[in-house]
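Hi everyone, thanks for coming. Let me walk you through a structure that may be new to you.

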Amino acid sequence: MFHGYLPMILDGLRVTLSVALVSLAVACIFGLMGASAKLSASPVLRGIAGAYTTVIRALPDLLLMLIVFYGGQILLNRVAAARGWDYIDINAFLAGTITLGFVFGAYLTETFRGAILAIPRGQIEAGHAMGLTRGQVMRDIVIPQMVRHAIPGFTNNWLVMLKATALVSIIGLDDMVHRASLASAATREPFTFYALIGAIYLAVTTLSILALGALERRVSRGVRPEATA
Amino acid sequence: MRLSLAALSLFALSGAAFAQDQVRIGVEGNYPPFSQVAPDGSLSGFDIDIANAICEQMQAECTLVQQEWDGMIPALAANKFDMIVASMTITDERRKVVDFSDPYYDVPSRFVAAEGAFEGYSPEELAGKTIIVLRNSPRAQYLQATYPDSRILAVDREPAVYLELAAGRGDIAFGSSVVSAEAFLKQPEGEGFAQVGETLTLTDSVDGGVGIAMRKGDEALRTRVNQALAAILEDGSYAEMAGRYFDFDITPPHARQ
């Protein structure tokens with residue numbers, strides 16, 4: 001049915017998932033840093049984080065990816081040539097994950113910021129009044145509740161990012177979409193292969209929604225469901 | 001100790017000589033019968049054979065790098081590979097950013113349409129019709145210049161030109177006569193369609209046709225590639241390779257007897 005291309009496409013799924021998971025980790029780091037900076041007392045940090053989320057969310061992901069992959073490479077080549085180093089390759093996986101992580105970090109900054117702001121200020125003050133240290137307040141009061149508030153937005157960002165990984169095929173990464181395009185060219189059966197990867201994406205996103213839903217229920221233990229009015 | 005030092009320096013020397021003769025070649029994989037990818041991921045096709053034959057002739061250690069068409073020239077510029085063997089037509093526009101070898105094949109372009117759908121193929125007769133063509137190609141430029149009253153549907157890959165035609169999203173397709181013959185008309189999907197109208201050679205100079213692209217100013221490599229190309233055209237291995245794929249002559253005009 002798939003003319004023997006199924007293993008090749010499933011191997012592409014491995015690439016797609018690795019790009020997505022590594023990008024997610026990078027995005028979480030940028031997101032946490034961004035959210036802390038936005039909520040910090042320092043106007044400089046707030047300014048940098050504000051510029052980051054504004055600029056990154058305004059530009060198409062593909063554009064940023066091309067800038068990092070080709071622009072960054074040409075820049076690196078010039079530096080290397082000037083210093084007499086050998087050619088240093090920016091590999092497609094690195095460029096792809098850093099760019100996606102950087103881009104989605106901006107969206108997660110907003111998700112995390114909103115989640116922190118949703119925690120009543122009084123709870124944090126109460127923690128301090130009880131004599132808890134800053135670290136304890138963070139660990140026992142802020143983070144558990146922040147995770148609960150952040151999950152819906154986080155789920156959204158993850159789903160969008162998973163699909164955005166298809167862009168990395170333009171910069172030469174051999175992901176699932178790219179392999180489907182090669183297989184459909186060789187067999188001239190585009191529908192078969194695009195429908196196949198469509199079903200695979202659907203399966204992966206369904207599993208993600210179930211898993212994150214279970215996580216949301218777990219971190220919401222003991223919390224009365226908020227009134228939906 | 002002395003022995004190992006000597007071995008080490010020998011290794012370093014051979015390493016240096018080896019590194020000089022490493023050539024990375026950008027190829028495509030989405031353009032049967034010139035390049036395509038098998039289920040096990042291996043590349044095959046006329047472009048791939050040419051790339052390998054040239055490497056063998058140059059006695060270089062070659063790595064084929066598979067790259068999407070849209071990122072081809074930027075990747076060459078960014079030093080991701082040293083030359084492109086991907087059926088790239090030599091054009092003045094491209095010559096501004098890359099240097100080309102002598103042409104390694106030349107294929108005329110031709111219209112493809114449902115049999116008997118049109119009586120003629122002049123700009124007047126195709127006015128208001130949708131013509132499907134590969135974007136960023138000399139053929140697309142030719143259509144824009146010559147068929148201003150037709151609608152142009154530009155697609156991203158040459159095989160997609162015929163998929164779009166078969167799907168009915170355009171009235172007529174304009175593409176490489178080789179690709180339409182091999183990858184479409186000889187297949188079940190191509191039934192009822194035919195090559196129609198005149199064959200057109202869009203490259204009017206001897207320099208036209210399809211060449212191997214290299215970074216600007218890479219004269220040493222260009223000379224070696226041209227010598228290798230001349231050698232395989234001369235010794236008959238070119239004709240043997242072409243014969244495996246095509247039942248008509250694709251030899252570039254300058255090399256025809």
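Let's begin with a helix in chain B, and please keep in mind that this is a predicted model. Helix α7 of chain B, residues 177–185, lies across three strands of that chain: β8 (109–114), β11 (172–176) and β12. Its direction is at about 170° to β12(B).

So what do those strands belong to? In chain B there is an open sheet of five strands, with mixed pairing, and the order reads β10-β9-β11-β8-β12. Which strands stand at the edges? They are β10 (151–155) and β12 (193–200) of chain B. Each has a single partner strand, so one side of each is left without a neighbour in the sheet. On average, neighbouring strands here are turned by 30° against each other, if we ignore direction.

Let's look at one of those edges. Strand β9 of chain B, residues 130–134, pairs with β10(B) in the parallel sense, over five bridges. Along this pair, Leu134(B) stands opposite Val155(B) in β10(B).

Now over to chain A, and a pair of helices. Helix α3 (residues 61–83) and helix α4 (residues 92–117) of chain A pack with their axes 9 Å apart, at an angle of about 140°. That angle makes α3(A) oblique to α4(A), and the crossing of the two is right-handed.

Who meets whom? From α3(A) we have Asp61(A), Leu64(A), Met65(A), Val68(A), Phe69(A) and Gly72(A). They meet Ala92(A), Ala95(A), Gly96(A), Ile98(A), Thr99(A) and Val103(A) in α4(A). Sorted by class, this contact has eight nonpolar, three polar and one charged residues.

Thanks for listening!

Note on methods:
Residues numbered from 1 in each chain as written. Chains lettered and ligands numbered in written order. Predicted model: local features only at pLDDT ≥ 70, side-chain atom pairs only at ≥ 80, totals over all residues. Pairing = 2+ DSSP bridges. Helix = DSSP H or I, 4+ residues; strand = E, 2+ residues; numbered from the N terminus. Axes fitted to C-alpha atoms, helices over the stretch in contact; angles between N-to-C directions. Contact = placed C-beta atoms within 7 Å. Parallel < 35°, antiparallel > 145°, perpendicular 65-115°, else oblique. Left-handed = near helix turned anticlockwise from the far one by under 90°. Nonpolar A, V, L, I, M, F, W, Y, C, P; charged D, E, K, R; others polar.
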